[in-house]
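Subject: Structure handover

Hi,

Here is the structure for you to look over. My notes follow below.

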Amino acid sequence: MARFDLSDDEWAEIVANLPTQGRGPRRKDDRMILNGIFYILRTGAPSRDLPERYGPRTTVYNRYVRWGERGVWRRIFEARATECEDALIFIDSSIVKAHRAAAGAKGGSWRRVLDAHAAVDHRGRPLRFEIAGPDP
């Protein structure tokens, strides 16, 4: 089993929410394809770098997209969320306050911004910032 592969317990919880085999040719192993999907999502690797043990990259991509369109992912997430005690706890980045300069708002000179937020190194000593160009 690779690092990102589903354990037997995780697979047992997910398999009930997957669509059944329809008419047509037998599809590739769902567990192998799911492991491929999770590999791409967790590593951020491009699909062309998907290891061969997860099957064809086009199959992994197509299954991910089609299951999204059919609501399979929503069913899996909802089923997993009902079993989790902390299902309603989340962090929203909109509650994090940023300095006005982070949004590109007009401000003073860089020297004033740097002086106002005196940075320190890992030992607590102030860092010096040198600004190239003539002094104002």
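In which helix is the place of Asn-35? Asn-35 sits in helix α2, residues 30-43. A caution before going on: this is a predicted model.

Asn-35 and Asp-5

Asn-35 counts as buried because its relative accessibility is 7%. Leaving out residues up to four places away in sequence, Asn-35 touches Phe-4, Asp-5, Leu-6 and Tyr-54.

Asp-5 belongs to the segment before α1 (8-14). Asp-5 is buried, yet has no salt bridge. The nearest side chain of opposite charge is Arg-53, 4.7 Å away. The cut-off for a salt bridge is 4 Å, so that pair does not count. Asp-5 does have a polar contact: its side chain and that of Tyr-54 are joined at 2.8 Å. With residues up to four places away in sequence again left out, Asp-5 touches Glu-10, Asn-35 and Tyr-54.

Salt bridges

Searching the whole structure gives 4 salt bridges. Three of them are worth a look.

Arg-63 and Asp-30 meet at 2.6 Å, N to O. This pair links distant parts of the chain: Arg-63 is in helix α3, Asp-30 in helix α2, and their positions lie 33 residues apart in the numbering. Both Arg-63 and Asp-30 are buried; for Asp-30 the relative accessible area is 14%.

Asp-30 also pairs with Arg-27, with the closest N and O atoms 2.9 Å apart. Arg-27 is partly exposed, at 23% relative accessible area.

In helix α4, Glu-78 forms a salt bridge with Arg-74, closest N and O atoms 3.8 Å apart. The two are 4 residues apart, so about one helical turn separates them. Arg-74 counts as exposed at 58% relative accessibility. Glu-78 is partly exposed at 44%. Elsewhere, shared partners join Arg-27, Asp-30 and Arg-63 into one network.

Helix α3

Helix α3 covers residues 57-70. Its 14 residues should span 20 Å at 1.5 Å a residue, and the end C-alpha atoms are 20 Å apart, so the two agree. Which residues of α3 are buried? They are Val-60, Arg-63 and Trp-67. These cover an arc of only 65 degrees around the axis, so they lie on the same side of α3. What covers them includes α2 and α4 (72-82). The face turned away from that buried side carries the exposed residues Thr-58, Tyr-61, Arg-66 and Glu-69. Just after α3, Gly-71 takes a positive phi of about 85 degrees.

Best wishes

Key. Residues numbered from 1 in each chain as written. Predicted model: local features only at pLDDT ≥ 70, side-chain atom pairs only at ≥ 80, totals over all residues. Heavy atoms only, no water. Buried < 20%, exposed > 50% of the residue type's maximum accessible area, 1.4 Å probe, protein only. Lys, Arg positive; Asp, Glu negative; His and termini not counted. Polar contact = N/O pair within 3.5 Å; in protein donor to acceptor, adjacent residues only side chain to side chain. Contact = heavy atoms within 4.5 Å. Expected span 1.5 Å × (residues − 1). Arc of directions from axis to C-beta.
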